[in-house]
Amino acid sequence: LLTDYTIKTEGKGNGELGNFYKRITDLFPDNAAWNLKAGIFQYSLAQKDPDRYWDDTKMIDPLTGGVVYSLPQRRGIKMPKIFLPRLLSYGASKPKQFYESFKPFTDGIHFLKKAVENLPYDEKVMADITAKLGDLYTWQGLPDSAIYFYEASIDLNPANTGIRNKLVETYALSYRYTEAVSQLDSLLARN
């Protein structure tokens, strides 16, 4: 029902569907199926237009070496406490934040990692999920983290040339050209 609503309203239901998945996975944190559905939903949003979610991009901090958001994060507008009783006395509901924190890269990575932890082992499924994790890390701006997941996906399914091509591109983004050339050689040898 929510998916149909999202299609008819040109994506305006994505927040509701995302919140639904967050509530369900909070209720059933070890349920692999719900985490997988939530992760694939977030992945599908990010896949349509990765540049749309510019506030969910990250980078490696050159001073600390830790992962930080690329841009400063927005903060919720705080309403002074003196106004709140007046608003509530007139029948208004308690105000919500004026924006919704919607981060498909971060949320998708979280849900897919939880799904990998709890799913029964199947090489093809694990290869697909780790490839999706690699894509999410690449779109988020962390190609070094993406390389780990692309390599894991290739270890699980060596015949997948699409993931090998993505790995080559990610090696190039990380300035690891010798590894990129070796992957290109293995692609050439397969053909």
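These legends walk through a few close-up views of a predicted model.

The model is predicted, so local features need pLDDT of at least 70 and side-chain atom pairs count only at pLDDT 80 or more, while totals for chains, interfaces and linings use all residues. Residues are numbered from 1 along each chain as its sequence is written, and side-chain values use heavy atoms, with hydrogens and water left out.

**View 1. The whole protein, with 9 helices and 2 strands.** Helices (H or I, at least four residues) and strands (E, at least two) are DSSP runs numbered from the N terminus. Follow the chain along its sequence and you will meet the pattern α-α-α-β-β-α-α-α-α-α-α. Of the 191 residues, 35% count as buried; here buried means under 20% relative accessible area, exposed over 50%, and partly exposed in between, with a 1.4 Å probe and protein chains only. About 12,300 Å² of the protein is exposed, and carbon and sulfur atoms supply 57% of that area (Shrake-Rupley method, 1.4 Å probe; for residues, only the protein chains shown count as cover).

**View 2. Helix α2 and its two sides.** Helix α2 covers residues 14-27, and its end C-alpha atoms lie 20 Å apart, in agreement with the 20 Å expected for 14 residues at 1.5 Å a residue (the expected span is 1.5 Å times one less than the number of residues). Its buried residues are Asn14, Leu17, Gly18, Tyr21, Ile24 and Thr25. Looking down the axis of α2, these fall within an arc of 125°, so they line one face of the helix; the arc is that of the directions from the helix axis to the C-beta atoms. An α-helix has 3.6 residues a turn, so residues three or four places apart point the same way. Arg23, Asp26 and Leu27 are exposed on the other side of α2.

**View 3. The largest nonpolar core, with 35 residues.** Such a core is a set of buried Ala, Val, Leu, Ile, Met, Phe, Trp, Tyr and Cys residues joined through side-chain atoms within 4.5 Å. Leu119, Leu133, Leu136, Tyr137 and Leu167 have the most contacts inside this core. Helices α2, α3, α5, α6, α7 and α8 each supply at least two of its residues, and α6 gives the most, with 7.

**View 4. The surroundings of Tyr137.** Leaving aside neighbours within four places in sequence, Tyr137 is in contact (heavy atoms within 4.5 Å) with Ile109, Lys113, Leu142, Pro143, Ser145, Ala146 and Phe149.

**View 5. Ser174, in the loop between α8 and α9.** At 15% relative accessibility, Ser174 counts as buried. Not counting residues up to four places away in sequence, Ser174 touches Pro143, Asp144 and Ile147.
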